[in-house]
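User: I have a structure open here and would like to go through some of its local geometry with you. Could you take my questions as they come?

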Amino acid sequence: MVDEKGERIPLTIADWDAKEGSITVVFNEVGRTTHKLASVQVGDCVLSFTGPLGLAAHIEKFGTVVCVVAGYSTATCVPIVRELKAAGNRVVVIIRAPSKDMLFGDEALRKIADQVTVSAGDGSFECVGFVLEPLKDVIRKEKVDRVFTAGPVCMMKLVANTTKPFNIPTVASLNPIMVDGTGMCGCCRVVIGGQTKFACVDGPEFDAHQVDWASLMARRCTYSIDTKSPVHYQCLNCAQW
Amino acid sequence: MPPKLNLNRMEMPRQDPHVRGKNFKEVALGYSPEQAQEEASRCIQCPKRPCISGCPVNVDIPDFIEAMRKGNLPGAVKILKGKNALPGICGRVCPQESQCEAKCTLEKRKAPVAIGRLERFVADWERQNKSALPPPPPSPAPTGKKVAVVGSGPAGLTVAAEMAKLGHAVTMFEALHVAGGVLMYGIPEFRLPKAIVQGEVDYVKSLGVELVLDSVIGKVDTVDELLSNGYHAVFLGTGAGLPMFLQVPGEDLCGIYSANEFLTRTNLMKAYLFPEYDTPLGMGMNVAVIGGGNVAMDSARCALRLGARNVYIVYRRSAAELPARHEEVENAMEEGIVFKFLTNPTGFLGGGRGWVTAMQCVEMELGEPDASGRRRPIVKKGSDFVMKVDTVVVSLGTSPNPLIAATTEGLKTTSHGTVVADEKTGKTVKDKVWAGGDIVTGSATVISAMGAGKRAAADMHAFLAT
C-alpha cells in the first residue's frame with residue numbers, strides 16, 4: 001500500500017538480502033497502484049508492507065523441472081529456480097516475452113538454470129501460445145518430472161492443458177485479486193478441484209490441472225474497467241473470452 | 001413522596017433517511033446537553049441496580065447517570081472509564097436492548113433509560129473537553145514484564161490498556177496497516193466514525209502501549225517466537241476473520257462478496273471515496289445481502305450509499321429472529337432497504353464474463369425451535385423462484401482465522417475453529433497464552449470481547465505478579 005489513500009495489492013518477493021535487510025519486488029505498471037509504486041523515488045517510503053504471506057514454494061528433488069514463465073514472473077521465479085537447483089534438480093526455463101525488447105530478467109536465470117529458452121513474439125500481446133512449442137519440445141526430448149508456471153492466467157492455463165495428457169505434475173503460481181492477504185476477505189478465492197481455496201493463505205501454488213481457470217480469469221477482471229488498465233491488460237483481444 | 005415516573009424515553013436526533021442514504025456521515029447525531037440531562041433525570045436510582053449485571057464489563061451505570069444529572073460530567077467520565085476504556089465505541093455499537101437496558105427497572109414499563117445514548121454523550125463530551133478533565137494518573141512503576149497482544153480490535157485494545165495501566169510493557173501487533181480491527185474494517189463510518197476509533201487507539205497508545213502494524217502473527221513471527229523473544233505472556237485477540245460462504249453453486253461468480261471483503265473495501269479502504277482513494281468497489285443496481293445480523297445491516301446500508309438502486313436483505317427466518325441490533329434494523333427499513341424474510345438462496349446464475357445476474361431462492365417456513373431456541377426454518381416445497389441481482393454480499397457470520405491455531409503448537413481448538421480458553425480467565429491450555437473475544441466465542445459483540453479482555457488481563461496480571 002503506497003500511501004494512505006492507496007490500495008493493498010499482492011506482490012511476489014523476487015529476491016532478498018537478509019544482511020542488508022532488503023527485498024526485491026518486480027512489477028508491471030498496469031493500474032493505479034503500480035503506477036504510484038513506480039513513481040516512488042529513492043529515499044521515499046511506502047505506507048505499508050506486510051509479509052511474507054501465504055505458503056512457501058514447494059521445493060524438493062523432483063528430477064527435471066521445467067519452469068514456464070512470462071512478464072514479471074521471469075524475475076520472481078529466480079529464487080525458485082535457485083532452490084530447485086540447490087535441491088539437485090535439472091532446471092529448464094522457458095521465458096515468454098511479447099517482444100525481444102520487452103524481455104528482462106533472463107540474465108539472472110541463465111546463470112543458474114541448466115537451459116534457458118526465450119520465446120519472443122512480435123510485440124502484439126495477442127498470443128501467449130508461443131511457449132507451448134518449446135515446452136512440448138522438452139517433453140518430447142526428455143523425461144519431465146514437474147512443471148512450474150507463473151505469469152498471465154491464460155498462459156498458465158495453456159501450459160496446464162499441454163502437460164495434462166502427459167500426466168506431468170504441474171504447479172501454477174496463482175495471482176488473483178487480494179485485499180487483506182491474511183485469509184479474511186475471500187476476494188482471492190479460487191476453485192481447485194471443485195473446492196474453494198483462498199490463494200493468499202492456501203497458495204499461491206496450486207495443482208494446475210485442478211484449477212478452474214475460467215473462474216480465475218473472470219475474477220481477475222472484476223475491476224479491470226474501474227482501474228483503467230491499459231487496453232492490452234483488459235483481455236479484450238484475449239482468445240479465452 | 002417519590003418523584004413521578006417519567007416514561008418518555010428521549011429520542012436521539014438522526015439524519016433524515018432520504019439524506020443519509022446518500023452519505024457516509026454518522027446517522028445518529030447524539031443528544032444535546034439538555035436532552036442528555038433530561039434523559040439522565042429519568043433514572044430512578046433504584047436500589048437493586050439491575051442494569052449493572054446486564055453490562056458485560058459491569059459499568060457503574062446508575063452512578064455515572066447520577067453524576068450527569070448533577071451536571072458533573074468530569075465525574076461521569078471518571079466513573080464510566082473506570083470500567084470501560086472505550087465508551088465512545090460501546091455507546092454506539094452495543095446491543096443495549098439485550099444488555100443493560102433490558103435489565104432496567106423501567107423496562108417493565110417499556111421505557112428503559114437510554115443508557116447507551118447517555119454513555120455516548122459522556123464519551124463525546126470527554127473528547128471535546130479534554131482540557132476540563134483532571135490530568136491522567138501518573139504512569140505506574142514498570143514491572144519489568146513484557147506482554148504481547150496479538151490483534152488490536154476491541155479485545156486487544158482492552159487487554160493492552162489494562163496491562164499498561166498495571167505497569168507492564170505492552171506491545172500490540174496488528175496485521176493490517178491501521179489499528180482497531182473490526183472497528184475499522186467492519187463497522188461503517190456512518191455508525192462508528194473512524195476518528196472516534198483512532199481517538200481510542202491513541203488513548204491506549206498514550207498509556208505506553210507500543211503498536212506494531214503490518215505484522216501478521218503466525219506468519220511474520222509465530223506465538224512461540226514471541227514467547228522465546230522475551231515476552232512473558234501473550235494475549236490472542238485476533239477475532240473471527242474467516243468468512244463463511246453458502247456453499248451453493250455459482251458462489252465464485254464476480255459480484256459476489258463476503259461481507260468481510262465488501263465492508264473492508266468500503267470502510268477500511270474507503271471505496272466510497274473512489275477514485276480519490278484507490279480501492280474500487282463496483283456497485284450494481286440490484287443488491288442482495290444474505291443474512292440478518294448487524295454485519296448484514298451494515299452491508300446493505302453501505303450498498304445503498306454506494307449507489308445501488310434496490311437493496312434486499314435476504315434472511316431465512318422471520319423479522320422476530322433478526323439477530324441485528326433493533327436500532328439498525330429500524331434505520332435500514334427507514335432508508336428503504338427491502339427485507340425478504342423466510343427466503344434462502346440455493347444458487348447463483350452468471351452472465352457474460354462470469355458476473356452474477358440472478359439468485360435462485362426457496363421460500364422457508366418456521367418449524368420447531370432448534371438448539372439456539374429460535375424456530376428452525378424449513379424449505380417450503382415447490383417454492384423456488386429467481387431474483388434478479390447483480391451484486392451479492394454473503395453475511396452469514398465468521399469463524400476464527402486458522403492462521404494462529406495452525407502455527408501455534410499446544411493450542412486447543414474446537415470443531416468450529418475457536419480457541420479453547422477458560423471462560424473466567426481467558427487462559428488457553430498453552431502455557432503463558434491467553435485468548436479472548438471472537439477467537440474464543442466466534443462472532444459476537446464488541447462489548448463481550450472487551451469483557452473477555454478485562455478478565456484475561458486480570459488473570460495475566462496475577463500470573464505475572466507471581
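**Backbone, sheet and contacts**

Analyst: Gladly, and a reasonable place to begin is D214(B), which is found in the loop between strand 3 and helix 12 (223-228) of chain B; please keep in mind throughout that this is a predicted model.

User: What is the phi of D214(B) like?

Analyst: The phi of D214(B) is positive, at about 55°, although the residue is not a glycine.

User: And is D214(B) buried or exposed?

Analyst: D214(B) has a relative accessible area of 17%, and because the cut-off for buried is under 20%, D214(B) counts as buried.

User: Which other residue has a positive phi without being glycine?

Analyst: K432(B) is one such residue, with phi near 65°, and it lies in the loop between helix 16 (403-407) and strand 16 of chain B. Its relative accessibility is 34%, so K432(B) counts as partly exposed.

User: OK, strand 16 then. What sheet of chain B does strand 16 belong to?

Analyst: Strand 16 of chain B is part of an open sheet of five strands, in the order 3-2-1-4-16, with parallel pairing. The edges of this sheet are strand 3 (210-212) and strand 16 (433-435) of chain B, each of which pairs on one side only, and the twist from one strand to the next averages 20°.

User: How many bridges hold strand 16 to strand 4 in chain B?

Analyst: Strand 4 (residues 233-236) and strand 16 of chain B run parallel and are joined by three bridges; in one of the pairings, F235(B) has W434(B) of strand 16 as its bridge partner. Helix 9 (residues 154-165) of chain B packs on this sheet, where it touches strand 1 (146-150), strand 2 (169-173) and strand 4 of chain B, and the direction of helix 9 makes about 165° with that of strand 2.

User: Switching to cis peptides: where is the one in chain A that involves P52(A)?

Analyst: The cis bond joins G51(A) and P52(A), with omega about 0°, and P52(A) sits in the loop between helix 1 (32-38) and strand 3 (64-70) of chain A.

User: And what about the bond from F274(B) to P275(B)?

Analyst: That peptide bond is cis as well, with omega near 10°, and P275(B) belongs to the loop between helix 13 (259-268) and strand 7 (286-290) of chain B.

User: Back to chain A, how do helix 6 and helix 8 sit relative to each other?

Analyst: The axes of helix 6 (residues 153-163) and helix 8 (residues 213-220) of chain A come within 10 Å and cross at roughly 175°, and since an angle over 145 degrees counts as roughly antiparallel, the two helices are roughly antiparallel to each other. On the side of helix 6 of chain A the contact is made by V153(A), M156(A), K157(A) and A160(A), and on the side of helix 8 of chain A by W213(A), L216(A), M217(A) and R220(A).

User: What is the chemical make-up of that contact?

Analyst: The residues of the contact between helix 6 and helix 8 of chain A divide into six nonpolar, no polar and two charged.

User: How much area is buried between chain A and chain B?

Analyst: About 3300 Å² is buried between chain A and chain B, with 55% of it given by carbon and sulfur atoms. In the contact, 42 residues of chain A meet 37 residues of chain B.

User: Which three residues of chain A supply more of its buried area than any other three?

Analyst: They are K5(A), M184(A) and R189(A), which supply 21% of the area that chain A buries against chain B. R189(A) also stands opposite F198(A) in strand 9 of chain A.

User: What kind of pairing do strands 8 and 9 of chain A have?

Analyst: Strand 8 (residues 189-192) and strand 9 (residues 195-198) of chain A pair in the antiparallel sense over four bridges. They form a hairpin with two residues between them, and G193(A) in the turn has a positive phi of about 55°.

User: Last one, V59(B): is it buried or exposed, and what does it touch?

Analyst: V59(B) counts as buried, at 3% relative accessibility, and it lies in the loop between helix 3 (50-53) and helix 4 (61-69) of chain B. Not counting residues up to four places away in sequence, V59(B) touches I52(B), F64(B), L80(B), K83(B) and N84(B).

Technical notes:
Residues numbered from 1 in each chain as written. Chains lettered and ligands numbered in written order. Predicted model: local features only at pLDDT ≥ 70, side-chain atom pairs only at ≥ 80, totals over all residues. Heavy atoms only, no water. Buried < 20%, exposed > 50% of the residue type's maximum accessible area, 1.4 Å probe, protein only. Contact = heavy atoms within 4.5 Å. Axes fitted to C-alpha atoms, helices over the stretch in contact; angles between N-to-C directions. Parallel < 35°, antiparallel > 145°, perpendicular 65-115°, else oblique. Nonpolar A, V, L, I, M, F, W, Y, C, P; charged D, E, K, R; others polar. Pairing = 2+ DSSP bridges. Buried area = accessible area lost by both parts, 1.4 Å probe.
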